[in-house]
Amino acid sequence: MKPAVPSVLRSALLGLLSLASVAGAVGTPAGTVISNQASALFATPNPQDPQESASNIVSTVVQPVCAVSVGPDGTAALPGQSATLLPGERAVFPYTVVNTGNATQTFPVQNVMDPSSTISPAVHVIVDTNANGRPDASEPEVSSVTLDADAQATLLLVVDTGSAQGDAFVNLVAGCAGGVQDADNVSRVHVGPPPDLAVTKTFTPALVRPGSETTVNVTANNTGQGASHVLTLTDLLDAQAAQGLTFVPGSAQTTQGTLEYTTDGTLWTTTETQPVRGVRVSVPSLSAGGTLALTFRMLAGPSAENHVIPNTATGTTDNVTVSSTATADVRYLPAVALGPVGVPTAPEGTAADRQTMPFAVKGQPVCFDHTLLNTGDVRDDFTLTITYPQGAATATLLTAAGQPLAQPITLDPGQSTMVRVCYDAQSGPLDALITATGARGETNSTHDTVSAVESGLPELTKSYAATTLGADGQTMPVPAGTTVAVGDRITYTLVVHNPYTHELTNAVASDPLPAHVDAVSTTAGGVISGQPGAQTIMWPLGTLAPGETRTLEAVTTVSARAVDGEALQNVFTLTTTELGTPLPSNEVTTPVWSSQLRITKTVSAKEASYGDRLTYTLNITNQSATTAIETADVADTPARGLEYAPGSSTLNGQPLADPVITAGTLHWTLSTIPAGQTVTITYQARVTPEATGELVNTVVVSGTGAGGVARAVASNRATAVIKLNPLLFAPLADIVGVVYVDRNRDGRFEADIDTPVPRARVLLAGGRQVLTDPQGRYSFPNVSLGAQALRLDPNTTPYPPLQVAPDGGSSGTRTVYLRGLTSVDFPMAPLGGDIDVLRYTTLLIGDVTLEKTVALSQDGYVVTLHIVTPGALDDVQLTDPLPGDATLKDGRNTYAGSLAAGEHTFTYRFTWAGEPRAATTDPVMSWRYGP
């Protein structure tokens, strides 16, 4: 419990509180009556019952008081507000005026310029009625303001500078009429020198290829004496993007300030957005002499090609805006060069850009090589056209490989290609203009010139001669048109003739040898290149003078790679500067066949009678190890009186279609006889009443070797003989005879003097024909009685017929009257003039026959050795000695080696001055049988 306060003390305290309340009534509205009464509380003995005593009431009336406050405060030394301006700019200083009195008052307001000011700008006092801090058109300029007690107003001190530069100290003064003023409200306006702002913009490079980038450089320079206010460099890119020139992300850089980006031109952010349609940079101020640079890159897309795209950048500070515009020229720089090969950029129209040929050949292409080069910076399509300022021709465009040139020709920048232009010049001189035109319009031309055109072609002739080694080891010629065998030697002769009045330059003869011959040697500087099987001989002939002829030779051998049935085909070519294409010679063809065709024929019986049925068997063996015989014709000529039995043919035991019968000969066609294999044909024939004597049945087989070359294979023949006793009543007879060389011209065949002629063809009227056997004999069985005419085919014997036959006629044609067996001989005249046969000797040694004939000719003696052997002979030693003091003229009188089964003839000549009858010697021969 607090101690009791004495009543006197409490009364004093209440009095003090009342006075304090009266003293704090400043700002209380004037005319307000303030009443005050004091009271005292007294303590009594009973604490629960205090006593209180009140004083009289005192009343006071408040009087009007005028007071005003203006802020912010400031002095010239320490301005309350400051603004740094450029000439012509405006400063707005906000002030708050407060009525600090207790009654409504009207306060005069005015601007008072401090004496320390160096400039006197225009100043206005504006009431900021909407409190937005700036003067609006609806807000009035005032010289006083009326405020209720404790009310306030915002006044704007608006300072408009002129061109003067310096400091102005403005002061807003407000006060009571005739009373106290608030005059310490100084603000400073500093007007400095103005900046001089310039903006430049460039594209680097300004010429932009589609697909490449260009750098945008935007620069603001302050060339004035004063700093600028906030400066913003802005480059909007939306219009450029619409034409294909777009901002490269992440490429913007600036020397100072803050980078911002926009996608719509309105909203800006410091974060790079996509797509960027504008870039800007801001700095608070750009000092005098200062520079602000903004760079970024832009990409020219394909759609920007052939557009000149402008772009404007602006620099803004306060109310000043400057700008600069630059353009980006988006296009390629296409260009093309066409000229002689290797020098496409030779200046157009100069001698270096013209190729000249002294002459060309009519009908023979003359070719010029050129280089086409894309010298531009863009992939382009080029088309070549040819016009003729002089002359006319048909031109063909080729690639470096000689293939037709497809147009247009597409080339990348810097890429080139060779173009060959070949002209078929019909007359001369010729001037051709070749123009290359790009798809983008660029062109370049070059000239080809031919001074003269001549008719005809160089004369190229190719021939060959083949030789082989005979059984005696001597080299013998192979008859033209016949086959060659492995190991034979072929000599090719090449003749080149220049028929022109102009020389042929850089002439080269080239002979690609057949794959199955190997080069041995050449003449005239020929160079052999390549491996066997792919060899070429080249002769660098240099210059062929007008009318000059060159003869070249190449010696080759037939390789073991050669295949039976193929043909060795050979052509050489000539190239010169003046001939547009290689000129080929004639082709020489040499067929190859090293193997034989073996035929055997047997008959089922040795004797037969009329009506008998005979079975004939033909075994045909292709002895080639490599090549089949295709489309083989098996021709079997039965003897007269034999009739084919239809349906009886078989091939290797299987039924075979009946033969085609032509002129009495049976013809079967076999599709193939495989290499190294034997086929067997059987058929049956019936003996008819026309049969007589021996029934000689001959078969001939011929065909073509496989391997892609249709070439006749040397045919072979076989015979089968069967005896028949002819019917007595048959009105038929036989003709027999001998074809021989009548050495002593006496018209009679003398076996020890005359020489039989084998394989001579004798023709009988009616179409029958036979060939003589090795002894010169022939026969026509079953010939009708009466007059018959016979003729010896002159194409089958090298000997001419005697001028007068024994019956008074020519020995080439004979007419006989046939009544029975009749003999008709055909004597032939010996070659080389009159030859007298001195001796005809036959030696029989086992089953080997050696026939020797010695004859006297005009230039010496002729010896013929004829050997017939049924089997092969090895280690043969043959010596035919000459008479004493005789001189061997040609041929050989000895032989050492092997002999195949069959017939062999050796001939030699010698001279001798002794007695002719003593010129004959006896030959000596030894051997052993082969395996």
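This dialogue explains how to read several features of the structure above.

Visitor: What kind of model is this, and how are residues numbered?

Guide: It is a predicted model, in which local features need pLDDT of at least 70, side-chain atom pairs count only at pLDDT 80 or more, and totals for chains, interfaces and linings use all residues. Residues are numbered from 1 along each chain as its sequence is written, and side-chain values use heavy atoms, leaving out hydrogens and water.

Visitor: How do strands of a sheet pair?

Guide: Strands of a sheet pair through backbone hydrogen bonds, either parallel or antiparallel. Strands are DSSP runs of E, at least two residues long, numbered from the N terminus; two of them pair if DSSP finds at least two bridges between them. Here, one open sheet has five strands in the order β41-β42-β39-β45-β46, with antiparallel pairing. Its edge strands, β41 (527–529) and β46 (583–584), each pair on one side only.

Visitor: How many bridges join β45 to β46?

Guide: Two bridges join β45 (residues 573–575) to β46. In β46, P584 is the bridge partner of T573.

Visitor: Is T797 buried or exposed?

Guide: Buried means under 20% relative accessible area, exposed over 50%, and partly exposed in between (1.4 Å probe, protein chains only). T797 has a relative accessible area of 8%, so this residue is buried. T797 belongs to the loop between β64 (786–792) and β65 (813–818).

Visitor: Which residues does T797 touch?

Guide: Contact means heavy atoms within 4.5 Å. Not counting residues up to four places away in sequence, T797 touches V757, L792 and M828.

Key: Helices (H or I, at least four residues) and strands (E, at least two) are DSSP runs, numbered from the N terminus.
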